Amino acid sequence: MSETRVHFYQVGSFAVGNRLLSAGERTVQSDRRRTNSIDSGHRACQGCGEALGARYALDAAMRVTSGQLVAVNATGCLEVFSTPFPETSWQIPWLHSLFGNAPAVATGVAAAMRVKGRDQVRVVGQAGDGGTVDIGFGTLSGMFERNDDVLFICYDNEGYMNTGVQRSAATPPAARTATTDAVGPEPGNPFGQGKDLPRIAMAHGIPYVATATVADLHDLERKVERAMSFHGARYLHVFVPCPLGWGAASNDTIHLARLAKETGIFPVYEAEYGEVTGVTKIRRPAPVTDYLRLQRRYAHLFGHPGRPDVVARLQAMADANIARYGLLATEEDE
Amino acid sequence: MDRPFAITLDVGTSRANHTGSWRIERPVYVDRLPPCNDACPAGENIQGWLYHAESGDYESAWRTLVQENPLPAVMGRVCFHPCETACNRVHVDEAVGINAVERFLGDTAIERGWSLPAPGPDTGHTVLVVGAGPAGLSAAYHLRRLGHAVRLVDSSPRLGGMLRYGIPAYRLPRAVLDAEIDRILALGVEVVTSHPVLDIEAEQRACGADAVFLAVGAQLGKRVHIPAGDSTKVVDAVSFLHQVADDDPPLLGRRVVVYGGGDTAMDAARTARRLGATDAVIVYRRNRDKMPAHPEEVEQALGEGVKVRWLSTIDRFEGGRLVLERMRLTPDGLPEPTGEYDELDADALVLALGQDTDLSLLEGAGAVSVSNGVVEVGLQMMTTQPGIFAGGDVAPSDRTATVAIGHGKHAARGIDAYLRGETPASPERHDLASFDRLNTWYYADAPRTQRPELELVRRQTNFEEVVRGLTEDNALFEARRCLSCGNCFECDNCFGVCPDNAVIKLGPGERYAFNYDFCKGCGICASECPCGAIEMVPERI
Amino acid sequence: MLQQIEGSHAIAESVARCRPEVVCAYPISPQTHIIEAIGAMVKEGTLAPCEFINVESEFAAMSVSIGASAAGARAYTATASQGLLFMIEAVYNAAGLGLPIVMTLANRAIGAPINIWNDHSDAMAVRDSGWIQLFAETNQEAADLHVQAFRLAEDLSVPVMVCMDGFILTHAVEGVDLLDQEQVDRFLPPYEPRQVLDPEDPASIGAMVGPEAFEEVRYLAHLRQLDALDRIPEIAAEFAEMFGRDSGGLVRPYRLADADTVIVAMGSVLGTIKDAVDERREAGERIGVLGITSFRPFPLEAVRQALGARERVIVVEKAFSLGMGGVLATDVAMAIGTTTLHTVVAGLGGRPITRVALLDMVDRARAGALEPLSFLDLDEGVIARERARMATVRRSGPFAENVLRDLGRPREDQA
């Protein structure tokens, strides 16, 4: 009888920690000494995916840089809920300037660190999807093009949540927002619009681009670590559900992020110098309806009569992602 | 550095903002009852011992196991593991091979010579245990741990009861049984063998015991009247297996028919094969779905060449030929005769139609109430006569070794309470950790490790153990398939997924605590807890 | 060392000797020669250590400067006109954050109609931003003001904008005595930031401030501007003592003694005005000039002292607030109270301000014929015809197009 090496760990590497994993295989988040870059007392809504994503990403970056990190933040939920005078939740040096200029401000910080001979201090710029794909797009593209030494992180919750859930260029088709109401013959956000920012970032040929979700911490932390191993412009697009803006239960935040990945709605991959180098495979395939039904922003698609035609289009988009990135696991992946 | 007013803020300041006031529900850590534990007749804390096994700490695992059951190597072989039937992992892939890990732990303990926990301080009480089967052995063990002296008597020359005389050696090697019995005896048990007890009260008086545990089992094979010629050989399975165990097997010939559909029928047929029968045929009146024998026993029997005549009853046995009547099932699933007949050549017929108890020893104990051939027992296995307890096959329950071990434990605790003049407290029972409470996404996918089976050829001709144990790697792997239903196993998920850093990690073995100053009650921790050990409860406002 | 040099190059040399650590700009006429020259110095290594960053917009230029300054680097940028407006959100932000960035504003008109020539509309558009705004009369002063600007900005943690007239100064080649490196180093100590992004001492910069503290934050920023009213003359005095040259300060009086009429102005036009005044002084007229160097903070007291009790004050300014009138004049009026005040808007979009026109203006003022608000050399005919068209045609189209069409057409009265 052949002996097999023990490689299986109850919750394997899916859970945050797991006492059975070696210390090196555990996440930063499992460490009691993690930075908690964004600390308790912040005013994010219950179940905020962005607050979680920011802590995940920045704590990982803090570990990788041994605490030599500066964060630049665009205006938006993350900024507002973290720093209302007189209280800040940030435990790391942090600067907020404007909504649309975080990438450029980050460039300035990086330039200052270099000129001061403090190259070990690394810079992270961060924004929501509005601050990234819309108003901050110009400065972001400039930062990419110059290959400035900045990791820019977009926490994508698919709309302008801070101002009351309006549409952004990251809002998915059919989703109801305050400016794309679920009325008329084409309810919600129109099809055929929006920006695929990770691919735009790749088109700049920058060293590293990756997508991730708050549902897969190991993947997210590994990507932050990978990103920090490069100098130059890097981009991380993190999918962060918004219970308030999506009309979802606050306890479903991670569940929704997981479903977004498992349905193919949000492809999780990474790219170096413009070429896709890795894809996080779907583990438990699910139809898009599993994901859509949990969100009131899609409520108009269900019930009677509902819009099965629209659901089918969304399923087709997910299927296209699955085909494009090869998201389904094959025998060799097992 | 002095900060510019308002625009620039110092770290740590947000901790003044106690967001816990937003909460309308609060998360609470709970321990729920895993379905395996719930289903275990011996009351084992299976999830508890698997927890230790998962980290490779087999000794702690074994020590947790023997808190409830002193015979893990035995039960790891003969238990029909209702725990695995109940296991939540069946909804993910396959049940955890609890029984195999139990056996691994039991074997490892024997191999490494681990001893059972020392007896408790002497109470001055003596308890008479009648019957050294699994119930009696279990009772003796638990009574010794509670500090009571034990006098263990059995009618047979060797201890073990049906474990020795009913279960064939290819399922339970005698060395294993002996090792585990010896370990119990090492706790200081007075043993009297080959000592049939004819009058329980007289026996108690004679030895001056303060209480009695009656566990004589069901040793009488049931017979039915089958018209048979003089030259035919008809035996009952219990006697047959007993004789084989005593190394005195009866000569049954080359064609052996076993009548019945339970595990004993399987044992008898498989034993007959090992004794040289070329044909071992089971005759059963219903179909395979209705067969009471455990599926893997049936599977193994068929694999060894045992044949089955389904939907058949034996009409008569004459001149080396059995006449079978074909049956059919009514819509209710009951067999009814068809009036059609088959014939089957047979040198011997073994009747495996169930067992009866022999309770003649209670005739002098008038206060012990008996009905339908079993002794009525109440809470903690006490009969209607105070001081006399009963368990195992003489008590109304499933007649399995695992049930018997549970009876022995409960009876020991009941006797202890009785001797102390206390009312036994029923332990707190947690809510069941049902499958819907789990978040199984987190568990790694893995197939169950199959216990390798001996090659068929070998097991048809000798009594070598058929099912072999797990290697350490496999046992560890299997243990790690446990979902830890309802009990925190420190995966750090709650600590990680809280958007408000409101979970405090207390360190290895200490689990976690909530910081209600900051917990907003979003419930992500509860949703993302793999094992369902967090409950959201409404906040009192 | 005195040398014949283009204004832009003089500025580039002066800025370089201030040892800026991060220079970031987006090209716009007439600022280009400044940043081209600095870029070349960084590239060839004569200005080091310094990061020169070519960005994609003025908005990014100011934003990079914000990041660099907040991280403790001496930051410099330059822009003009539309560029300033494109970065205006960041301009306000830099001041709000108290970051001592120095920026050259090569003053230029704002479109539409697009116009690359000089006036002061751009500077006026950000007068309330919280930046200190210093106006240079000559290239010599512009060069000197940059050195003083870094000192002032870093002393007070306030950004400073040095305004110099586009083309008129930036592209003019004239003699400038540039300070050498040793002199600048003596005058300008290394930058010690008041707050800095530092992993060893983390803080959150740029908090959200609500009604409970916003007014105080704004008032504190105002107090820093008032502090500048003291520091600007002190720094100018120190500069004069060290280098023997008057540059900067709050205001620059010229032949004010016994003047009953004073012309107030900012920037390079002061030279022309002084020529005109000299001519009239020769003729015995009691006339003088008050140049405003510090537009923000506005030196109310210095202006009051300079202009108090004059019979008339004429403010010549290269910008105005549409629908109201003079911007500088409004501030001057606040300083002087009841004195008769004339605003003359002049030189918009680069229109020449001639000595002849200025003298005509003075004559009309003395004759009581100068309106409270007037426009120097305005073509009244064009205005009258366009007004007539607007009165009759509902959809008259953009003025600029119509005016151009009108100017190109032979006039009926000339035909």
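Reader: How many helices and strands does chain B have?
Author: This is a predicted model. In it, chain B has 18 helices and 22 strands. Its C-alpha atoms fill a box of roughly 110 × 55 × 45 Å along the principal axes.

Reader: What makes a residue of chain B count as buried, and what share of the chain does?
Author: The cut-off is under 20% relative accessible area. Of the 541 residues of chain B, 56% count as buried. The chain still exposes about 21500 Å², with 48% of that supplied by carbon and sulfur atoms.

Reader: Where do the positive and negative charges of chain B lie on average?
Author: The mean positions of the 54 positive and 76 negative charges are 2 Å apart.

Reader: Why are β10 and β18 of chain C called edge strands?
Author: Each pairs on one side only. They belong to an open sheet of six strands, in the order β10-β12-β11-β14-β17-β18 of chain C, with mixed pairing. The twist averages 20° from one strand to the next.

Reader: How do you know that β14 and β17 of chain C pair?
Author: Pairing takes at least two bridges. Six bridges join β14 (residues 312-317) to β17 (residues 340-345) in chain C, so the two strands pair. They run parallel. One bridge links C:Ile314 with C:His342.

Reader: Which helices pack on this sheet?
Author: Among them is helix α11 (residues 300-307) of chain C, which touches β10, β11, β12 and β14 of chain C. Its direction makes about 175° with that of β12(C). Helix α13 (residues 355-366) of chain C also packs there, touching β11, β12, β14 and β17 of chain C. The direction of α13 makes about 150° with that of β14(C).

Technical notes. Residues are numbered from 1 along each chain as its sequence is written. Chains are lettered from A and ligands numbered from 1 in the order in which they are written. This is a predicted model: local features need pLDDT of at least 70, side-chain atom pairs count only at pLDDT 80 or more; totals for chains, interfaces and linings use all residues. Side-chain values use heavy atoms; hydrogens and water are left out. Helices (H or I, at least four residues) and strands (E, at least two) are DSSP runs, numbered from the N terminus. Buried means under 20% relative accessible area, exposed over 50%, partly exposed in between (1.4 Å probe, protein chains only). Accessible areas come from the Shrake-Rupley method with a 1.4 Å probe; for residues, only the protein chains shown count as cover. Lys and Arg count as positive and Asp and Glu as negative; His and the chain ends are not counted. The place of a charge is taken as NZ of Lys, CZ of Arg, CG of Asp or CD of Glu. Axes are lines fitted to C-alpha atoms, for helices over the stretch in contact, and angles run from 0 to 180 degrees between N-to-C directions. Contact means heavy atoms within 4.5 Å.
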